Structure formats: C-alpha cells, structure tokens
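With the structure open in a viewer, follow this tour of aromatic rings and of the charges that sit over them. Please keep in mind throughout that the model is predicted.

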Amino acid sequence: MNTCDRKGRPLVAVTGLGIVTSLGRSKAENWAKLTSGQSGVGFIKRFTTEGLKAHIAGSIDFMLPAGFNSQELSYALAEDAAREALDEAGMNGANAFPGPLFIAVPPAEISWRTREDLAATLPAGSPVTYAAMIQKNFGKRRDILDAFSMGRVGDLIAQRFGTRGSPISISTACASGATAVQMGVDAIRFGLTNAALAIGTDGSINVESVIRFSLLSALSMHEDPPQEASRPFSHKRDGFVMAEGAAALVLENFDTARARGAEILGIVAGCGERADTFHRTRSNPDGSAIVGAINNALEDAGMGPDEIDYINAHGTSTPENDKMEALACMAVFGERMKALPISSNKSMIGHTLTAAGAVEAVISLLTIRHGVLPPTINYREPDPAIPFDVVPNIARAQKVNRVMSNSFGFGGQNVSLIFQSPP
Amino acid sequence: MNDVVVTGIGLVSSLGVGVESHHGLFDGQLQPVFDRQATAPYPIHPLAPIDFDLLIPKKGDQRQMDQGQRIGVYAAGLALQDGGVLGDLEFLQNTHLIVAAGDGERDVAVDEEILSAISSAEDRQIFFNLSMSKKLRPTLFLAQLPNLLAGNISIVHGVTGSSRTFMGEQPAGLDAIVTMAARIRAGSVNAGLAGGAYSAPRFDMMLHLGLGGAILEGEPASVWTRKERGGGMICGSVGAFLLLESRDHAERRGARISAVLGPAFSEHSFRESGEVETCAADLWARMKPSLASGPLGIISGASGAEPVTAQELASFERLQAQHEIYIRGTGTMIGHALEATAPANLALASLALREQKYFAPFDETGIEKDAPAPPSQIVVTSFGHWRGEGMILLRSARGDRA
C-alpha cells in the first residue's frame, strides 16, 4: 500500500540535500549567506581575463588545487553535494545507493591544456594539425579518452556511491538540474525504484566557455563591483553572471523512506515541462512554452495556481528571460502575482547553468524548511513592467508550504517543479 | 502497464536516406560505403547523398546547425513521416522527445591555427584570450551544444511535449529509448520520439577516440575480425529516430505498428577484469524468460573496439547452446555512430520485423549465419567502447499481444 499523491501515484519524498556554490560548501554555509543577502560573485582569478569581455563569475576555486579541468571540478562539486545529501539521508555508509543516478552535467570536451600538451608532442615548429596529434599519440593516451568522455562525471559518481544501472547524464541546457530531479521523480512514480539520486553540477568556467557566452551577448557588463552585476527583475539588468556549483537530492518513495525511519524533508509534488519551437536562444514572445511548463507542473501536482505560496524564479538577470518569466507568471497567476513573492537565487550565486535547476530545488526545500524567503539582491530600480514582490534585498521570514521552482534553457527546454512541506 | 510499439522509423546512413533505402540489406545487395580520405588513415562511412531541404526547408535553420544536427533533424523528420504524423502539430504538441547526443563539431581549423602559434606567443594566456575571442563564431557555439539537436527538432518539426537530451556515448542512445518506453509503459505519455545522430568525418572526435586507440587504422574489416589489429571502430554518419506509442494510442489513430518493444535492460560496469562477461551473462539471464523458442535475431551494436567486442561476441557463443541465433554486427555495414548506434539498430530491427524479413550476413566470417526463416524476435545489443552494457527485445507486431 503506497501513500499516494493527488493523482494516485506513489508520493515522492526528499530525504537528503547537498549543495556547494560560490557561497560555500554545505547547506549551512549557503543558507546563512543566502539569507543575509551575500553574493558569491567576484573577479575571475582562475585565469587571466585580459583580452576577454567578461571578467567576473561565481567561480569555485576552493575545491581543488589549481590546474584542474572542467570535468574534474564538475565531479568534485557533484561528489561534495552528493556526500552531504547522502549523509543527511543516512545512506552514505555502504557506498551502495539503492537506486539509479540522474545527473545533469556540462558537455565534456578535451581541455585546452590537454590539447596543448598533445601539440607539444609534435616536432617543434611544425604546423599543429589534429591528424598529426592523433597519429603521434594513437592509443597512447587512454587516460584522455577516459577523462573527457561525456559519461565520465556520471561514471565516477556511480562508482563513488554505488548507484544502480546506467547513470543518466542529462543536458537540457539551463533546465538540466530540474530535469534530473524530474527523472528521479518519474522513476519512483513509475515503480521502477524506491530511491533515486538526482544531481546537477557545473564546473565549466574556462576561457572558451566565457567567450562563448560573451559572443551571445548574454553576460552582464555591470562588472564593478562584481557582487552587483546580477540584478534579476530590476530595470537595469543587462545579463547573467556565469557561476559554478552543484546540488544533490536524495529522492525516495515516501513509504519506504518512512519505513526505514528517514526524516522527510519535503515532497516533490509536481513536475512540468514543455519545449519551445520559436528560437534557439529566445522564448516565443507569447510565452506559451513557459506558461505550458508551469501549467503542466500545476496539473501534475493536482494544484491550482492559488495553492502556490512562493516562486523560486529562474530569474537569470538577462533582459529577455526575466521579461518572459514575468509574462508567463502573469498569465498563470494573474493579479495574484502582485502579492505572490518571487525571488531569484541567481542574484547572489550567479547562474550555475547545468546545475541551476538542482541548486534552486535544494534552496526551495530549505526555504520551506526554515520559513525564510531568500531575497533578490541588487534590486534598486524596479522594472515597471514587472510589478512583483521580488523579496527585495532583504530575506523575509515567511512560512511557505508550496514552492514552485522554474528553469528555462537555451534550445527552448523548460521545466517547472513544485515542492511541498512534509505531510 | 501499456504495451509500447514502434510506429515510425527514421534512418539515414552511408547506405541511404530513409529506412526503405536499407532494404538491400535483406538480400545482400548493399555493400558498405567507405571514405578513406576524409580522415585518413582512419576510414569512415560517409553520409549518403542527401537533400536536407526536403525535411529542413529553411536554409536559415540549416545554417544554425552542425552536420550531426542536420542529420538528426532529418532522421527525426523521417520517423515522423514514416509514422504519418509529420506536420500534424496537434499530435506533435503531445509528442515527447529524448535525444542522445554528444558535442557538436568544433571549428578544427581555428584550433589548429591557435595550437600552431601558441607555443611561440609571448604571453600564452593573453594570446589565447585574444585569438579565441576573435575567431570563435557565435552560431558555432549553439551548434556545439548537445541539447540543440533536440532544440532544432522542436523548432523544425514542432515536437514540443517535452525535450530531454542524454549525453554519454553509446548508453545515452540506448537509455533514450529505454526511458521513453518506460514513460509510455507507465502511462505518463502516449507518444515519444527518441534517437540520435552522429557525423563521422570529425577530426575532433577522431582525436578523442584515437588517443584511446578506439578507431581502426587502414583497410576496413568486419567488426568481428579487427581484434588481431588491436580492434577499433570505423565511424559512420548515422541519424536514427523511432516514434514510439502506447499500443492503444497507435491503434486508436490507425497507425501502422512496425514492432513491439519487449524488456529493456541498461547496465553499467566499470570494465574491471571479468566485469563485462559477468554483466553480459546477467543481461542474457534476465532476457531469457521473455524469449520464445524459435529463431532469435541479434542485432549487435559492437563497435569493433576491443576487448569489449570480443567479450560481447563470447556472450553470444554461450547463448548459441540454447537458442538458434542469427547475429548481425551493423558496425560492419554502416559503421559505428556512438550515441546513434542503438537507435539505428532498433530502426533496422523494426524494419526487419515489419517486413517479415531478415538481413543477409554482413560479413564472410561465418559468425553471421543465413537465417532460413525470418526471426519474429530480435534482441538489439549495446556494448559501448568505454561504458554501457544493455539490450532491448523487439517482437513482431503480428504475433499475440505481449
């Protein structure tokens, strides 16, 4: 006999949470800084930014000794967050997690440092070609194939924590972390498992990734001071700030979690998704796909819009995203949006890209648990087109039972999640 | 639990465009096509001549994609066309999408130019920052994002129920199908499009694979005979998508059912000594209760990379004592396409079951035997060059309901 949700499916409980962002390692450190309105954004120190358009980020240099590549950092972040989540769930003993792994990871590519090492194997002064690098090193660098395979981070996490079956490595761009959570929920609801580990991780700030986002004119140029660059929903927002981080959620069938005496931290009540057909980097101006994702989440949870107490926004701080998110929220929640609190964690931690959906899922559950809404910092000049209660600048004590968390990705991939306090 | 059926097959390879152009595999009329020059000395199977305009009508859309994305968007369109739903926006709004994809192609010329000059630069980092800033193109970035294949399928074909992209080489392709089938089986969705694509002539991927010795140098050979040369894949350009539906949903709209999905298993060993063999034995043991007596087709995704190809083959040999099996290694005919290989093999298996035919042996090793009668059950296997061991059973739609 399963305890069921409003649709008769097994209820999905959250029993463990872990997080690492530019604000620090652990829930305690992140929560303290999030609720005191601190920013983790700073000038990039990992590499020289001379000659680049962007010089700031929420990068994480406290995890590994200098010289690491994106794959290594993405793993280290994921491992740290997962360990914290499993400790909390009381499941970190045997390294035999009783279910599958769904992990949102940035795409893998051979690092530039490695490319240069390979080029250095060729005779000095000869032109460097891929063909020459292959022939010179054929079969001699299995370590590089391993290190930069797309499935590498998932493979290492699966090994580390003993998850079952094929680890699923997910990319739905900036919605990836939310998709990882949704896939874990699906697996439990479908009766395929009683537990799933959902992780989002991103340690991919490097010169090339910074240039790529700069070329799309997506990054904020309000760089000084860096802490004030990310200003979601404010009139003078001009782009997002790249950031790194990871978050992990232990998801369990409510009954089996209770049967083993686990503390239930919250419920994943609903997941909604919808893809857009409009453009590779922009939403349809009618907001239909975002509205669709939000409505699908409500429908999936069997809830009406009036039942949502607070929205953890995607809120990237780009002119386009925040405008579209506001439009969609107005379409779904109507006049109530003037009073329904909505804030953006990205004002403080920047945009953790692949990890963001999972990071904000964890923060949404902490919000329910502590009864405090993290603020939208750097909110000085309201955007007249977005007349919302963005919890400006200062955290607010307010008990909330149902939180919606939005994630929208390049390529038109939109996911909305609804979390609920434990019954 | 809903029965999951295949109602649309989209396949593009070196042998042709569209699943029908692969009929010549039934009677041995088709021979593998190679390009020995593009990435010499490592041969590939090049994409068959294709007119992308037919299913990607806007040139602007084509320009936003790399070649792998074009192949994938085209193959996705073929699957929708085969399923009779291309352009049926109402249907497609409720069609869900799972794509298996890796990175798009890098601008290799830019990389080579920078690598050639960087060692003599006065300040390595500043030189790199300036040259990359000048040379990278914004459209290329989007074409390099794995999830933009799915994004482009939504944009070009209007598939918008949902969109997910799985990364991670061969298992991503298998898991895309397995996950979509699980969603349909559970009644969470009624219809889904799942598959992947790969463009073979890519020096960036050749470098990645070649460093691990995972590609074959020199003369092409059957996937089963490369072991003495150290093994290795011959990459092939492939795009493959399947339209999957619940049987009720398919029957209600009068769709043609090509094949029925049976059990699917996807595992992950760490490739320590003996692990692949144990995993393979376990997979077959789990599959066994679902196998009927009579001939069994095995369409293998063996890449040719060793030792896993030999380990997979050994698992078939043990099976031979109990089942009349007909092994076909598609890597010999269309090459290996990483994420797209499992979808392509499921497409070929679905075609065989739909046509009530079976493929002539793909090589002359004797490992692949002539099937006197076409099997009505086919297992598609996926053992990745690096990770991932799995298999899916497909059955003829003509038999009893599973």
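Over all chains, the structure holds nine aromatic pairs. Begin by selecting F138(A) and Y42(B), which form a stacked aromatic pair with 5.5 Å from centre to centre and 10° between the planes. This pair crosses between chains: F138(A) belongs to the loop between α4 (130-137) and α5 (142-147) of chain A, while Y42(B) belongs to the loop between β2 (16-17) and α1 (59-63) of chain B. Is each partner buried or exposed? F138(A) is partly exposed, since its relative accessible area is 25%, whereas Y42(B) counts as buried because its relative accessibility is 2%, and the cut-off for buried is under 20%.

Next, select F359(B) and F362(B), an aromatic pair whose rings are tilted, at 6.0 Å centre to centre and with 40° between the planes. Both F359(B) and F362(B) are buried. Extend the selection to F26(B) and Y358(B), and you will have a cluster in which ring pairs link these two residues with F359(B) and F362(B).

From here, turn to arginines placed over tryptophan rings. In chain A, select W112(A) together with R115(A), which lies over the face of W112(A) at 4.6 Å from the ring centre. Then move to chain B and select W386(B) with R387(B), where R387(B) lies over the face of W386(B), at 4.5 Å from the ring centre.

Terms used: Residues are numbered from 1 along each chain as its sequence is written. Chains are lettered from A and ligands numbered from 1 in the order in which they are written. This is a predicted model: local features need pLDDT of at least 70, side-chain atom pairs count only at pLDDT 80 or more; totals for chains, interfaces and linings use all residues. Side-chain values use heavy atoms; hydrogens and water are left out. Rings of Phe, Tyr and Trp (its six-membered ring) pair if their centres lie within 6.5 Å; planes under 30 degrees apart count as stacked, over 60 as edge-to-face and the rest as tilted. Helices (H or I, at least four residues) and strands (E, at least two) are DSSP runs, numbered from the N terminus. Buried means under 20% relative accessible area, exposed over 50%, partly exposed in between (1.4 Å probe, protein chains only). A charge sits over a ring if NZ of Lys or CZ of Arg is within 6 Å of the ring centre and within 35 degrees of the ring normal.
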